[in-house]
Amino acid sequence: MIDMPTSKDVLIAPSLLSADFAFLGDEVRKLKDAGADWLHFDVMDGRFVPNLSVGVPVLKSLRRVTDLPIDVHLMIVEPDSLLGAFAKAGADTLTVQAEACTHLHRTLQNIHNLGCRAGVSLNPHTPVDCLAYVMELVDFVLVMTVNPGFGGQSYIDACTGKIAEIRRRWPDVCIEVDGGIKADTVGKASCAGANVFVSGSGVFSQPDYGAAVKELRQLALRARAQ
């Protein structure tokens with residue numbers, strides 16, 4: 001099981017949803033060389049979100065070509081039915097949507113029993129109160145700062161307050177943020193309390209992945225220090 005970052009650490013997790021899928025293995029190798037900390041792996045089922053992405057076979061293939069932690073975000077209905085398959089394929093973390101889990105406490109227990117770190121993701125409209133009774137099982141909270149389903153969307157400013165509320169109520173929890181994270185938004189998310197930053201086009205649209213990862217990290221750290 002991977003070590004979780006503390007609330008003081010800053011991690012950059014490029015979102016593979018924005019990678020060139022014709023050369024996905026090469027993209028992953030480039031990201032390691034670029035200094036990425038995690039790889040963010042979005043799973044979409046066309047039901048919970050209006051899009052389809054990748055699944056277990058792709059994860060299994062990527063696990064063979066990298067030792068970077070793979071952060072699997074399940075944007076799917078009935079996630080419990082696939083937790084075991086994704087864990088076996090090589091997931092280091094399994095994040096479920098609070099809105100998709102009828103028995104969230106049980107789901108988080110199942111993730112831990114499979115040897116993975118457990119994350120809970122909240123859509124932009126979802127209040128943080130649903131976390132209160134499961135936090136002893138939560139390794140990190142993923143705050144969606146766009147409506148999930150598609151890459152390249154713009155950061156929703158109202159979610160900055162949600163990040164700050166989570167940090168205020170649970171000072172030591174790891175907070176991941178995903179959606180519209182680029183050079184002009186990473187600072188506000190960091191200042192509010194986020195410490196793991198998922199970025200798709202913010203990395204993959206740049207000619208130099210290493211420079212992009214470095215810039216995001218520096219901007220996050222600079223905002224926190226102000």
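Reader: How many helices and strands are there in the protein?

Author: There are 8 helices and 8 strands, where helices (H or I, at least four residues) and strands (E, at least two) are DSSP runs numbered from the N terminus. Before we go on: this is a predicted model, so local features need pLDDT of at least 70 and side-chain atom pairs count only at pLDDT 80 or more, while totals for chains, interfaces and linings use all residues. Residues are numbered from 1 along each chain as its sequence is written, and side-chain values use heavy atoms, with hydrogens and water left out.

Reader: What makes the radius of gyration agree with a compact globule?

Author: The rule is 2.2 Å times the number of residues to the power 0.38, with the radius taken over C-alpha atoms. For 226 residues that gives a value near 17 Å, and the protein has 16 Å, so the two agree. Along the principal axes, the C-alpha atoms fill a box of roughly 40 × 40 × 30 Å.

Reader: Why is Thr95 called buried?

Author: Buried means under 20% relative accessible area, exposed means over 50%, and partly exposed is in between (1.4 Å probe, protein chains only). Thr95 has a relative accessible area of 1%, so it is buried. Its place is strand β4, residues 93-97. Over the whole protein, buried residues make up 56% of the 226.

Reader: Which residues is Thr95 in contact with, leaving aside neighbours within four places in sequence?

Author: Contact means heavy atoms within 4.5 Å. For Thr95 the list includes Asp71, Val72, His73 and Leu74, along with Gly119, Val120 and Ser121. Phe140 and Leu142 are on the list too. As for the protein's contacts with a separation of 6 or more, 66% are between residues 24 or more positions apart.

Reader: Lys162 is a lysine, so why is Lys162 called buried or exposed?

Author: Go by the number: Lys162 has a relative accessible area of 8%, so it counts as buried. Lys162 is in helix α5, residues 159-169. Apart from residues up to four places away in sequence, Lys162 touches Leu122, Asn123, Pro124, His125, Thr126, Val128 and Val143.

Reader: And what about Val173 and Ala194: why are they put in their class?

Author: Val173 comes in at 8% relative accessibility, so Val173 counts as buried. Ala194 has 0%, so Ala194 is buried as well. Val173 is found in the loop between α5 and β7 (174-178), and Ala194 in the loop between α6 (186-192) and β8. The C-alpha atoms of Val173 and Thr6 are separated by 7.5 Å, with their positions 167 residues apart along the chain. For Ala194 and Val10, 184 residues apart along the chain, the C-alpha separation is 8.4 Å. Beyond its sequence neighbours, Ala194 touches Ile163, Ile175, Val177, Ala189 and Arg224.

Reader: Why does Glu78 count as exposed?

Author: Glu78 has 54% relative accessibility, so Glu78 counts as exposed. Glu78 lies in the loop between β3 (70-75) and α3 (83-89). Its phi is positive, about 50 degrees, although Glu78 is not a glycine.

Reader: How do you know what counts as a cavity, and how many are there?

Author: On a 1 Å grid over the protein atoms alone, a cavity is a set of points where a 1.4 Å probe fits but cannot get out, and lining residues have an atom within 4 Å of a point. Grid points are joined across faces, edges and corners, and a volume is the space filled by probe spheres set on the points. By this rule there are 2 cavities of 30 Å³ or more. The largest has a volume of about 230 Å³. Of its 24 lining residues, the closest to the centre are Phe150, Gly151, Gly152, Asp178 and Gly179.

Reader: What makes up the lining of the largest cavity by class?

Author: Ala, Val, Leu, Ile, Met, Phe, Trp, Tyr, Cys and Pro count as nonpolar, Asp, Glu, Lys and Arg as charged, and the others, Gly among them, as polar. On that scheme the lining divides into 9 nonpolar, 12 polar and 3 charged.

Reader: Which residues line the second largest cavity?

Author: Leu16, Leu17, Phe21, Phe41, Asp42, Ser53 and Val54 do. By class that is 5 nonpolar, 1 polar and 1 charged, around about 40 Å³ of space.

How values were computed:
On a 1 Å grid over the protein atoms alone, a cavity is a set of points where a 1.4 Å probe fits but cannot get out, and a pocket is an open set with protein on both sides within 12 Å along at least five of seven lines; lining residues have an atom within 4 Å of a point.
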